[in-house]
Amino acid sequence: MQLSEAGEMIRQTLTEITGVYTRFTTHASVVMPNHVHLLLSINGDYDDGGGTPRRAFPTEGGGPRTISDFVMRLKTLTTYRYIEGVKSGLYPAFDRILWQKSFHDHIVRDQNDLMQIWTYIENNPKQWAVDRYCQ
């Protein structure tokens, strides 16, 4: 599977932000032609699931606090860069929405679950040729 220039920009942006936001560790990732897979963990203090950070100053450090924040920043930055690419003629125009609003997440429960997800992410590009959206 060969990434488009836009896909390569998304891959590069993901690499950049995971280097900047050290609160998160990226264990596996793959940029596909129409979606992205990420296997992330939060380092240190974390959200207890109720939306309340387990730290007195949730904005400390200025970076994303939750997986949702991280995904939002990835989508925002890549959308901005894509728009700049459209303006410069690098990428084709799009109809107002580049990313879907939501995303699918899954809490890894145990080592077996982790390995299944990791393997799925690693093997996903090999499955692209049989994907219903492959053109």
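## Polar contacts and the model

A polar contact is a pair of N or O atoms within 3.5 Å; within protein, one atom must be able to donate a hydrogen and the other to accept it. In this predicted model, the side chain of Thr 78 reaches the backbone oxygen of Lys 75 at 3.2 Å.

## Overall architecture

The protein contains three helices and two strands. Read from the N terminus, these elements follow the order α-β-β-α-α. The helices are H1, residues 5-20, H2, residues 67-87, and H3, residues 111-127. The strands are S1, residues 24-31, and S2, residues 36-42.

Of the 135 residues of the protein, 27% count as buried. The exposed surface of the protein amounts to about 9400 Å², and 53% of that area is supplied by carbon and sulfur atoms. Among contacts between residues at least 6 apart in sequence, 54% join residues at least 24 apart.

## Thr 78 in helix H2

Thr 78 belongs to helix H2. Is this residue, Thr 78, buried or exposed? Thr 78 counts as buried because its relative accessibility is 0%, and the cut-off for burial is under 20%.

The side chain of Thr 78 has two polar partners to describe. One is the backbone oxygen of Lys 75, at 3.2 Å. The other is the side chain of Trp 99, with which the side chain of Thr 78 makes a polar contact of 2.9 Å. Leaving out residues up to four places away in sequence, Thr 78 touches Met 9, Ile 10, Thr 13, Leu 98 and Trp 99. Trp 99 therefore appears both in this set of touching residues and as a polar partner of Thr 78, where a polar contact requires N or O atoms within 3.5 Å.

## Other residues of helix H2

Phe 70 also lies in helix H2. With a relative accessible area of 0%, Phe 70 is buried. Which residues does Phe 70 contact, leaving aside its neighbours within four places in sequence? They are Leu 14, Ile 17, Thr 18, Phe 24, Leu 38, Leu 40 and Pro 64. Phe 24, one of these partners, is 46 residues from Phe 70 along the chain, yet the two C-alpha atoms are separated by 8.5 Å.

Helix H2 holds Val 71 as well, and this residue counts as buried at 11% relative accessibility. Val 71 and Ser 102 are 31 residues apart in sequence, with 9.4 Å between their C-alpha atoms. Ile 83 is another residue of H2. Its relative accessible area is 33%, so Ile 83 is partly exposed, a class that runs between the 20% and 50% cut-offs. The C-alpha atoms of Ile 83 and Leu 98 are 9.5 Å apart in space, while the residues are 15 apart in sequence. Leu 98 is also one of the residues that Thr 78 touches.

## The largest pocket

The largest pocket encloses about 1700 Å³ of space. It is lined by 46 residues, and those closest to its centre are Val 36, Leu 38, Val 71, Phe 103 and His 104. Val 71 thus joins two descriptions: it is among the residues closest to the pocket centre, and it counts as buried at 11% relative accessibility. Leu 38, likewise listed near the centre of the pocket among the closest residues, is in contact with Phe 70.

Which element contributes the largest share of the lining? Strand S2 does, with seven residues. Helix H1, strand S1, strand S2, helix H2 and helix H3 each supply at least two residues of the lining. By residue type, the lining divides into 27 nonpolar, 15 polar and four charged residues.

## The loop between H2 and H3

Ser 88 is placed in the loop between H2 and H3. Ser 88 counts as exposed because its relative accessibility is 57%, and the cut-off for exposure is over 50%. A polar atom of the Ser 88 side chain lies 3.2 Å from the backbone oxygen of Gly 85.

Arg 96 is found in the loop between H2 and H3 too, and at 73% relative accessibility it counts as exposed. Most residues other than glycine have a negative phi. Arg 96, by contrast, has a positive phi, near 70°.

Key
Residues numbered from 1 in each chain as written. Predicted model: local features only at pLDDT ≥ 70, side-chain atom pairs only at ≥ 80, totals over all residues. Heavy atoms only, no water. Helix = DSSP H or I, 4+ residues; strand = E, 2+ residues; numbered from the N terminus. Buried < 20%, exposed > 50% of the residue type's maximum accessible area, 1.4 Å probe, protein only. Contact = heavy atoms within 4.5 Å. 1 Å grid on protein atoms, 1.4 Å probe; cavity = no way out; pocket = protein on both sides within 12 Å on 5 of 7 lines; lining within 4 Å. Points joined across faces, edges and corners; volume = space filled by probe spheres on them. Nonpolar A, V, L, I, M, F, W, Y, C, P; charged D, E, K, R; others polar. Areas by Shrake-Rupley, 256 points an atom, 1.4 Å probe, with all protein chains shown as cover.
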